[in-house]
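Colleague: I am new to this structure and would like a close look at a single part, the place where the ligand sits. Please take me through that part and then set it within the protein.

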Amino acid sequence: MRFDILTIFPEMFREVLGCSILGIAQEKGAVSYHLHDIREYTGDKHRRVDDRPYGGGPGMVMMPGPVVRAVEAVEAADETPSLQVLLTPQGRTFDQEMAAELAQTRRIMLICGRYEGFDERIRLALGAEEVSIGDYVLSGGELPAMVIIDAVVRLQKDVLGHPDSALQDSFGVEGCLDFPQYTRPPEFRGMRVPDVLLSGNHQKIAEWRAKQAKLRTISRRSDMLEASR
Ligand code: 9D3
C-alpha cells in the first residue's frame with residue numbers, strides 16, 4: 001500500500017513514519033510513504049502557499065494553485081489511482097470503520113492544510129474525500145494525517161504479529177473496551193494482580209476478562225453498546 005502525503009511541513013512526518021510499527025511496516029515492504037512539499041509547486045520567488053481571504057476576516061487561506069498542481073503531479077507519479085483525502089475540520093469523522101475501509105485501498109493521498117483552511121476551489125477541482133479526526137481545533141492537517149496512517153497501517157496483513165480482531169473475537173468482547181491488563185510484579189504498592197490471572201485456568205481467565213470488559217464498557221462508554229445493537 002502506498003501513501004502520498006502533501007504538506008508544507010514534510011519534516012513533521014519523518015520521525016513518526018520511521019518509528020515502531022509504521023517504520024517496521026515500511027521496512028517489511030507492506031507500505032511505502034512518499035512525502036511531497038506543496039511549496040515545490042509554487043510559482044513565485046517567495047514560494048507562497050497562502051493569502052488573505054477575499055471578503056476579509058482573520059488568518060490566511062491555502063491558495064488553489066500550489067495545492068491543485070501538487071495533487072495532479074503526485075497523482076501522475078504512479079499508475080495506481082489514489083483515493084484522495086483532504087484533511088479538514090468539515091470532513092466526515094474518521095473512525096475504526098473508515099480505517100478498515102481505507103486499509104483495503106492500494107494507494108491513499110493525504111492532503112494537509114494549514115491556516116484557516118483551503119480555498120473552496122480546491123474542493124471543487126479535486127474529487128477528494130474530506131475527512132476530520134474529531135471535533136477539536138488543531139493547527140493543521142498533519143497530525144490528523146499521521147493518525148489516519150497509524151490506524152490504517154496497523155490493519156495491514158503481516159504488520160502486527162497477531163491478527164488483533166481475531167484475538168478479540170476469541171474473548172467475546174468485540175465492540176467493548178479492553179479488559180484490565182497486568183504484568184509483573186504480582187504486587188505493586190500493595191495492589192495485587194487478581195488471583196484468577198495467576199491461576200492458569202484459561203477458561204476462567206477468559207470469562208473474567210469478558211466480564212470486566214463489559215462492566216467497563218457499560219460504566220464508561222454505554223454509547224458503544226447502543227451503537228452495536
Ligand atoms: C474550525 C475552526 N475554523 C474556524 C474558526 C478555523 C480552522 C482552524 C484550524 C480551520 C482549520 C484548522 C486546521 N485544522 C485542520 O486542518 C484539520 C483538523 C482539525 O482541526 N481537527 C480535526 N480534524 C482535522 S483534519 C484537518
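Modeller: What follows goes from the ligand and its contacts outward to the protein as a whole.

Please keep in mind throughout that this is a predicted model. I begin with the residues around the ligand, of which there are 17, and among these Glu116, Ile133, Gly134, Tyr136 and Leu138 come nearest. Sorted by character, the shell around the ligand holds nine nonpolar residues and seven polar ones, together with one that is charged.

Several polar atoms can then be followed one by one, beginning with serine 132, where an N or O atom of the side chain is 3.4 Å from a nitrogen atom of the ligand. At isoleucine 133, which is also among the residues that come nearest, the partner is a polar backbone atom, and a nitrogen atom of the ligand is 3.1 Å from it. Leucine 138, again one of the residues that come nearest, offers a backbone N or O atom that lies 2.8 Å from an oxygen atom of the ligand. As for how far the ligand is covered, it exposes 580 Å² when taken alone, and the protein buries 76% of that area.

The space that the ligand takes is the second largest pocket. Two elements, β5 (83-93) and β7 (129-132), are those that give two or more residues to the shell around the ligand, and β5 gives the most, with three residues.

Stepping back from the ligand, we find 10 helices and nine strands in the protein. The radius of gyration of the protein is 22 Å, whereas the globule rule gives 17 Å for 229 residues, and because the value is well over that figure, the protein is more spread out than a compact globule. Along the principal axes, the C-alpha atoms fill a box of roughly 70 × 40 × 40 Å.

Two details of the backbone may also be worth finding as you turn the model. One is the peptide bond from arginine 184 to proline 185, which is cis, with omega near 5°; proline 185 itself lies in the loop between α7 (164-171) and β8 (187-188). The other is serine 20, which has a positive phi of about 50° although this residue is not a glycine, and which is found in helix α2, made up of residues 20-27.

Notes:
Residues are numbered from 1 along each chain as its sequence is written. This is a predicted model: local features need pLDDT of at least 70, side-chain atom pairs count only at pLDDT 80 or more; totals for chains, interfaces and linings use all residues. Side-chain values use heavy atoms; hydrogens and water are left out. A residue is near a molecule or strand if one of its heavy atoms lies within 4 Å of it. A polar contact is a pair of N or O atoms within 3.5 Å; within protein, one must be able to donate a hydrogen and the other to accept it, and residues adjacent in sequence count only if both atoms are side-chain atoms. Accessible areas come from the Shrake-Rupley method with a 1.4 Å probe; for residues, only the protein chains shown count as cover. On a 1 Å grid over the protein atoms alone, a cavity is a set of points where a 1.4 Å probe fits but cannot get out, and a pocket is an open set with protein on both sides within 12 Å along at least five of seven lines; lining residues have an atom within 4 Å of a point. A molecule sits in a cavity or pocket if more than half of its atoms lie within 2 Å of its grid points. Helices (H or I, at least four residues) and strands (E, at least two) are DSSP runs, numbered from the N terminus. Ala, Val, Leu, Ile, Met, Phe, Trp, Tyr, Cys and Pro count as nonpolar, Asp, Glu, Lys and Arg as charged, and the others, Gly among them, as polar. The radius of gyration is taken over C-alpha atoms; the globule rule is 2.2 Å times the number of residues to the power 0.38.
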